[in-house]
Amino acid sequence: MHGDEIVGVRPAPDDGILVVATADSHALVCDLGEVNVLANPGRGVTVIKTPDDVPVVGFAVNEALTLESDKGKTEEVRPLKK
């Protein structure tokens, strides 16, 4: 859609774990097999829907995602062990 952008691209195994975080402090952790691949004109994937003013700030595959606040505090979002 107009205004959408690619945050990043990374090879990932079908059985991997995805970690995604947004600027408004929301995070999503899911199996990569749960991410729907879109075909035809909307090619790609939609992992998380956010309001137009809230971007996705990062993602990781099979590892922790380290985030830093405006005040310099860091937090890790990590997948649970299976």
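Reader: Buried means under 20% relative accessible area, exposed over 50%, partly exposed in between (1.4 Å probe, protein chains only). With that in hand, is N62 buried, partly exposed or exposed?

Author: N62 comes out as partly exposed because its relative accessibility is 43%. Before we go on: this is a predicted model, where local features need pLDDT of at least 70 and side-chain atom pairs need 80 or more, while totals for chains, interfaces and linings use all residues. Numbering runs from 1 along each chain as its sequence is written, and side-chain values use heavy atoms, without hydrogens or water.

Reader: Fine. Where does N62 sit?

Author: In the loop between β5 (56-61) and β6. Strands here are DSSP runs of E with at least two residues, numbered from the N terminus.

Reader: And what's the phi of N62 like?

Author: Positive, about 60°, although N62 is not a glycine. For background, most residues other than glycine have a negative phi.

Reader: Which other residue has a positive phi without being glycine?

Author: S25 has one, with phi near 70°. S25 belongs to the loop between β1 and β2 (27-31).

Reader: Is S25 buried or exposed?

Author: S25 is exposed, because its relative accessible area is 70%.

Reader: Switching to charges. How many salt bridges does the structure hold?

Author: There are 3 salt bridges, each being a side-chain nitrogen of Lys or Arg within 4 Å of a carboxyl oxygen of Asp or Glu.

Reader: What does R10 pair with?

Author: R10 bridges to E63, with the N to O distance at 3.8 Å. R10 is in the segment before β1 while E63 is in the loop between β5 and β6, so their pairing ties together parts that are 53 residues apart in sequence.

Reader: How open are those two side chains' residues, R10 and E63?

Author: R10 is partly exposed, with a relative accessible area of 40%. E63 is partly exposed too, at 42% relative accessibility. By the way, E63 shares its loop between β5 and β6 with N62.

Reader: OK, which residue does E75 bridge to?

Author: To K73, and the closest N and O atoms in that pair are 3.5 Å apart. E75 counts as partly exposed at 43% relative accessibility, whereas K73 counts as exposed at 55%.

Reader: What about E76, who's the partner there?

Author: R78; their side chains meet in a salt bridge at 2.3 Å, N to O. E76 is partly exposed because its relative accessibility is 45%.

Reader: Back to K73 for a sec. What does E68 touch?

Author: E68 touches K73 and T74, leaving out residues up to four places away in sequence; contact means heavy atoms within 4.5 Å. K73 therefore takes part in that contact with E68 as well as in the salt bridge with E75.

Reader: Which strand is E68 in, and is E68 buried or exposed?

Author: E68 is in strand β6, and E68 counts as exposed because its relative accessible area is 61%.

Reader: Last topic, T22. Buried or exposed?

Author: T22 is buried, because its relative accessible area is 5%. T22 lies in strand β1.

Reader: What packs against T22, sequence neighbours aside?

Author: Leaving out residues up to four places away in sequence, T22 touches I48, T50, V54, P55, V56 and V57. To put T22 beside E68: T22 is buried in accessibility terms, whereas E68 is exposed.

Technical notes
Helices (H or I, at least four residues) and strands (E, at least two) are DSSP runs, numbered from the N terminus.
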